[in-house]
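Subject: Two-chain model, handover and notes

Hello,

Here is the structure we talked about. My notes follow below it.

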Amino acid sequence: MNDLIDRTDTGSLRVAAPVAFVDVVKRFPGGTTALDGISLELAPGELVALLGPSGCGKTTALRVLAGLERADEGHILIDGVDVIGTPTNKRDIGMVFQSYSLFPHLTSLQNVEFGLRMRGVAAAERRRRAAEALELVGLDHHGARYAHQLSGGQQQRVALARALVTRPRVLLLDEPLSALDAKVRVQLREQIRGIQTELGITTVFVTHDQEEALAVADRVAVMRAGRIEQIGTPEELYARPASAFVADFVGLSNRLPGTVAEGAVIVGTQRLPLIDPAVAAGAAIALVRPEDVVFAAAGDADARPAVVLTTSFLGSLRRTRVRLDDGAELTVQHEVGRHPVPGEAVHVRLTARPVAVAPA
Amino acid sequence: MSGMPGATRTGVPTPSRLARWGILGTVGLLFAVPIVAMVEFTLRRGLEGGYSLDRWITVLTFDLGPEYRVLGQAIGNSLILAAATVALMLVLLVPTMIVVQLKLPQLRRVLEFVCLLPISIPAIVLVVGLAPVYGVISRAAGSGVWTLALAYGIIVLPFAYRAVQSNLDAIDVTTLTEAARSLGASWPTVIARVLLPNLRPGLLAGAFISVAVVLGEFTIASLLNRQNLQTALVIVQKDDPFIAVIVTLISLLVAVGLLLVIGAIGRGTTRRTS
């Protein structure tokens, strides 16, 4: 069995550590509040993605957890111990950065050995474990190469091996895939998820890419302006967004004007149930997923005439933009077998699935 | 098409091949004429005419009379000064630059201004300001030649700063530091095991260029009544201008050698970071 999996440096059995942010506040000089009292708990072995637009505070949250930024208020608990005053090098974390962070003067193997050297592990043991870690990320034949001799994806895999080899209590991933091209990004995110599941290490994954977050995380925390807007499983976030911001940020949404009344929103002639029936009555914007808009026959109930504007082939599905007779534009997600032509007259209707609403 | 005037991919016009060779030839001539003249001068036999290597052999075999002992002492002084100046640079300037880069980036422009300032101040003006300071230094620490290193530490600042800063700009100091910290490295370890190895080319370049500046410095040493290679050469020149010119040529050769080493280091760094 790989030595990374089951033992710590002291030889005791590895127990994944719980992590908690408790009312953490971080202000930067100039008055910017990067974290506005966030609280978040990670179960041992859980992978939580912090998702949000640029400047929402997700990287700051990660850096505060790593000790690279000092929190102004609140507590950070790792394994139940408040580490707020503990320097970064004593927090027992592994971290992979957005920019390539391999030490240029060391080979891949020496890079991976670095953390073990800092912990006083004997040379032979160090080399053995570093080689194992490189094998884990599929780079066992690249140990003698320097960073400039590796591709971006390979550098990030070495960085991952380097972060894991010390068997840290928490793994922190700060947009580790954002500098890579699309295909490598998908491959590496699957590899990261596989290794994280295998090792059972508590992991925080920062990303601005919603597809990436939904693909790898057990739970996703959507952040906005220093606060966590919603936290839940990818399915919960997608199907039951707690706010218009979440509905807009996670997946695509059509924005249709309507009126809320008696636990539903009325859009045109259609009555759509609300995800949150407690929304106050009155004018609102219904947020309808593209897959909840379908092409209909002219005589169908609730069918509305529309004109095709554009259509995009996306491999397993197609998205078509249409303009309704009242000027509103909608995106319809449908099977690739149908080939709408720009200018074609069509009819669309909404399915009766629950929707979120935003203030009008 | 390389010989044709044109524009690079960045849109900057480039001179033609003829113009490039013309510029190179003119500048080369400007440097070569005095050096060739100096070499020719040292080979002259004197009144009997003809050329000889005798004087070069005398200098290179250290077969000089006691009247030239001042030269040996001055070379020793200059080497001490060079070492002390480089040590000052490494101990004071480099840590300051690292701290500013990592923790106080808002002070970078201020530090750059302060470090580049000496290049715009004539040595004579510097000496006028330094003279009273050296009065105090002499009373407190004596008038040993090493004290000149304090002034030399100032005049090499612009060169050392540029060499080290270009290296700092070429590596992502912040990310490397944070990566090392996250792996358990203390601050001294970060500096010793991560930053200094990656700053080696800049430090070497800064050190070599400082040595070259110190070996060629005359004004401050002369006006502060200290003896170094350049002031000794003036003395020697009065007795035997041939020997003075030979030593000047050798020191010039050493400086060129240092610059070649810097160039080789620079090429090595470019290869590793590309």
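**Domains of chain B**

Chain B is split into domain 1, residues 17–52, and domain 2, residues 68–273. Please keep in mind that this is a predicted model. Taken over C-alpha atoms, the centres of the two domains of chain B lie 30 Å apart. Domain 1 of chain B and domain 2 of chain B each put four residues into the contact between them. On the domain 1 side of that contact, three residues are nonpolar, one is polar and none is charged.

**The two chains**

Chain A has nine helices and 20 strands, while chain B has twelve helices and two strands. In chain B the two strands come at the N-terminal end of the order and the helices follow, as β-β-α-α-α-α-α-α-α-α-α-α-α-α.

The C-alpha atoms of chain A fill a box of roughly 80 × 45 × 40 Å along the principal axes. For chain B, the C-alpha trace spans about 75 × 65 × 35 Å along its principal axes.

Of the 360 residues in chain A, 41% count as buried. In chain B, buried residues make up 28% of 274.

I also looked at how far apart in sequence the contacting residues are. Among the contacts in chain A with a separation of 6 or more, 66% are between residues 24 or more positions apart. In chain B, 74% of the contacts between residues at least 6 apart join residues at least 24 apart.

**Where chain B touches chain A**

How many residues does each chain bring to the contact? Chain B brings 19 residues and chain A brings 20 residues. On the chain B side, α8 (173–182), α9 (187–215) and α12 (241–273) each supply at least two residues. Of the elements of chain B, α8(B) gives the most to this side, with six residues. By class, the chain B side has seven nonpolar, eight polar and four charged residues.

**T177(B)**

One residue of helix α8 of chain B is T177(B). Is T177(B) buried or exposed? T177(B) has 22 other C-beta atoms within 10 Å, and a residue counts as buried at 20 or more, so T177(B) is buried. Leaving out residues up to four places away in sequence, T177(B) touches L102(B), V190(B) and V194(B). L253(B) is 76 residues from T177(B) along the chain, and the C-alpha atoms of the two are separated by 39 Å.

**Helix packing in chain B**

Two helix pairs are described here, and both involve α3(B). Two packed helices are described by the angle between their axes and the distance between the axes.

The first pair is α3(B), residues 69–102, with α9(B): their axes are 9 Å apart and the packing angle is about 140 degrees. That angle makes α3(B) oblique to α9(B). The crossing of α3(B) past α9(B) is right-handed. From α3(B), the residues in this contact are S78(B), L81(B), A82(B), T85(B), V86(B), M89(B), L90(B), V94(B) and I98(B). They meet I191(B), L195(B), L203(B), G206(B), A207(B), S210(B), V211(B), V214(B) and L215(B) in α9(B). Sorted by class, the contact of α3(B) with α9(B) has 14 nonpolar residues, four polar and no charged.

The other pair is α3(B) with α6(B), residues 148–155, where the axes come within 9 Å and cross at roughly 55 degrees. Here too the angle makes α3(B) oblique to its partner, α6(B). The α3(B) and α6(B) crossing is right-handed. L81(B), A84(B), T85(B), L88(B) and M89(B) in α3(B) meet L148(B), A149(B), Y152(B) and G153(B) in α6(B). This contact has seven nonpolar residues, two polar and no charged.

L81(B), T85(B) and M89(B) of α3(B) appear in the contacts with both α9(B) and α6(B).

**A buried helix in chain A**

How many of the nine residues of helix α2 (residues 58–66) of chain A are buried? Nine of the nine are, so α2(A) is largely enclosed by the rest of the structure. The buried residues of α2(A) are K58(A), T59(A), T60(A), A61(A), L62(A), R63(A), V64(A), L65(A) and A66(A). After α2(A) comes G67(A), which has a positive phi, near 90 degrees.

Regards

How values were computed. Residues are numbered from 1 along each chain as its sequence is written. Chains are lettered from A and ligands numbered from 1 in the order in which they are written. This is a predicted model: local features need pLDDT of at least 70, side-chain atom pairs count only at pLDDT 80 or more; totals for chains, interfaces and linings use all residues. Two residues are in contact if their C-beta atoms, placed from the backbone, lie within 7 Å. Helices (H or I, at least four residues) and strands (E, at least two) are DSSP runs, numbered from the N terminus. Ala, Val, Leu, Ile, Met, Phe, Trp, Tyr, Cys and Pro count as nonpolar, Asp, Glu, Lys and Arg as charged, and the others, Gly among them, as polar. Domain bounds come from an automatic or database domain assignment. A residue is buried if 20 or more other C-beta atoms lie within 10 Å of its own, exposed if 12 or fewer, and partly exposed in between; C-beta atoms are placed from the backbone. Axes are lines fitted to C-alpha atoms, for helices over the stretch in contact, and angles run from 0 to 180 degrees between N-to-C directions. Angles under 35 degrees count as roughly parallel, over 145 as roughly antiparallel, 65 to 115 as roughly perpendicular and the rest as oblique. A crossing is left-handed if the near helix is turned anticlockwise from the far one by less than a right angle, and right-handed if clockwise.
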